[in-house]
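Work through the exercises below with the sequence and the 3D view side by side. Each task is followed by a stepwise solution.

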Amino acid sequence: MNTFAGKGGASEPGAARGKDAAREPGAAREKGGASEPGAVRGKDTSNEPGAARDTGEGSVRMDAQRRAAYRERFDRYKDELRWLYMELYDNSSMYAELCDRMEEFYGGRRDGLKDMDLHRESCPDWYRSNELLGMMLYIDNFAGNMKGVEARLDYFEKSNVNYIHLMPFLDTPEGRSDGGYAVSDFRKVKEELGSMEDLESLTAACHKRGINVCMDFVMNHTSEEHEWAKRARQGEGEYMSRYFFFADPRIPAQYEKTVPQVFPTTAPGNFTWLEEAGHYVMTTFYPYQWDLNYRNPRVFNEMMYNFLYLANRGIDIIRIDAVPYIWKELNTSCRNLPQVHTIVRLMRIISQIVCPGILLLGEVVMEPEKVVPYFGTLEKPECHMLYNVTTMATTWHTVATRDVSLLRRQLDIVNSLPKDYVFLNYLRCHDDIGWGLDYGVLRGQGMEERPHKQYLNDYFQGYAGGSNSRGELYNADPVTGDARFCGTTASMCGVEKAALEGDAAGMERALRMDVMLHAYMFMQSGIPVLYSGDEIGQTNDYTYKENPAKAADSRYVHRGAMNWRLAENIKDPATVEGRLFGSLNELERIRKREKAFVSNADAWTFDTGEGSVLGMGRYFEGEKIIGLFNFSERDVKVRLQEEGGRYVDLISGKEAEPAEVSLPPYGFRYLKTCV
Ligand code: GLC
């Protein structure tokens, strides 16, 4: 049952607090059984199964210390919290309710988590090290359900993974779920996947092994099946005010003039007509995902309670889904409005007070100028981490053009940002690859946006440019000619084609490209995240076409189930799986071992004299690593500028000749030098 039900009715936006302030059921007493992340340093033993609650003096003192820490944090942030809240809502009773509930959620937070909070506060750089390696996965695809994932934790350890992103697992209607991004109950795990108890058991088991857990917080919208939406559809004013309902078609029409479309083909338009309600409702994404109206303080407060409820289940990293969209304003693009930043800052403050050990990961799939403001400022930070999305897209552009110049430019932009900013680096995720490139620069090189996008899409479908890639278009827009692309890393590198054609040389080339791209990705500053299955070279899965609920959404082509039969080959280097897994393993170990890979090291690119070879450098505390990455199918030789330096090849262990380094097709080098 939705825990909002029955409560919300009493809570008019702006209504005096009172009846609504009942204790959160989930916040009440936390289950035991957890130890906190090792990556986390700082061990939680207070709730180990069977551990009796220590009611002695020591424990009383600890409680007093934790409570004092909470008060100290609240006092530190309360002025700004109040100021920002009032600026948005000008409603002191709702503000008072928020503060009360924050304290309740703090009270409901397990002691082990509170201690982890304290520990992380004392070493705020803990996630900026070179130790973290992520993997994103769908629970059902990976291991059936949460218990299945828990039974597979060994695999993460074997893969050097200590951060898992569990793709959306909250309750969502079958067939109208957008892969779980249409949440109908923020306090309930989808039945097929398990329960909240299973989630707590999984986070606890992960923490014992030093694995951090990330989940999505889908705050821009709810499913049309959410309790609020159901009541809004029935015409209850309070619930209608939690969404954007318009009876007059002129208002949606006015919005449409300035608001771009997210899914122009699969879900055109930003509004959905509700026949039975006689209203339009705003639906930026799919028609069954109703945009929440954050002008209503009840929406903000309740969503913050959901956020804290989930944080208290032992989540370490909260991915704020589609964050740029959360504030809407007529006659604007409804993206990145200033109020969005106020809300994210409020979330940061609230978590900083209640659960400072957690990290906020913002999903801002936009150009760098739009992404970077979500870090906030040094004094007023917003997200801890953001996706390095333009770099990801530019990487694939580089594959298709064999020209590293745009990538160098992009990496230089990222490298010039403050080193405190932590990016999440990836080759691909569960979503499509949109060609958000710097067309201003490309135009200067004779590449116009539309034909270039056409080339990239043709290339990755395997039609142009000597490509061996396989995959599918996504949301091809017949009006603008725009389209995005879907495919697994291995398929985009040519593994699928080579396997089908039994082409050994082609397979060799494909695997080299795949490994080289990972090596390059690991060399970027930040946290690398693998897509589950990429570590064994899983190819596209076309079976989604047989499922009517998925058939229209080609993103499912790269969201196939983990093939555990193939994963048995990881130790056999004669297989695709063994070759990739072994190579990535080696790179991952190097990355964790060498301190020049820490996120806040100096990082730069350099001209290698070869248009297809990217040169990257990293320096930290006297150690320097040079990376060379050949994005072409040609043998090349490059000259390193620093004559006389001595380099060790970190892969072969041999000394390298700096004067001339040769790279095979799609080859790479990690060269370490001492300064
Ligand atoms: C995010 C998700 C995407 C989803 C959208 C709507 O962009 O990554 O998969 O479709 O939000 O929730």
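Buried means under 20% relative accessible area, exposed over 50% and partly exposed in between, with a 1.4 Å probe and protein chains only. Helices (H or I, at least four residues) and strands (E, at least two) are DSSP runs, numbered from the N terminus. The model is predicted: local features need pLDDT of at least 70, side-chain atom pairs count only at pLDDT 80 or more, and totals for chains, interfaces and linings use all residues. Residues are numbered from 1 along each chain as its sequence is written, and side-chain values use heavy atoms, with hydrogens and water left out.

**Exercise 1. Place strand β11 in its surroundings.**

Step 1: take the two faces of β11 (residues 317-320). I317 and R319 lie on one side, I318 and I320 on the other, and all are buried.

Step 2: find the partners. Two strands pair if DSSP finds at least two bridges between them. β5 (residues 212-217) pairs with β11 in the parallel sense, over four bridges. There, C214 has I317 as its bridge partner. β12 (residues 359-362) also runs parallel to β11, joined by four bridges. R319 is matched with L361 of β12.

Step 3: trace the connection. From β11 the chain passes through helix α12 (residues 338-354) to β12, a right-handed β-α-β crossover. Right-handed means that, with the strands pointing away from the viewer, the path from the first strand over the helix to the second runs clockwise.

**Exercise 2. Check the length and burial of helix α7.**

Step 1: compute the span. The expected value is 1.5 Å times one less than the number of residues. For the 13 residues of α7 (residues 196-208) this gives 18 Å, and the end C-alpha atoms are 18 Å apart, so the two agree.

Step 2: assess the cover. Of the 13 residues of α7, 10 are buried. Among them are M196, D198, E200 and H207.

Step 3: look past the end. G210 follows α7 and has a positive phi, near 75°.

**Exercise 3. Two residues other than glycine have positive phi: D90 and N475. Which is buried and which exposed?**

Step 1: locate them. D90 sits in the loop between α1 (57-89) and α2 (92-108). N475 is in the loop between β15 (472-474) and β16 (484-486).

Step 2: read the angles. Phi is near 45° for D90 and about 45° for N475.

Step 3: apply the cut-offs. D90 has 66% relative accessibility, so D90 is exposed. N475 has a relative accessible area of 7%, so N475 is buried.
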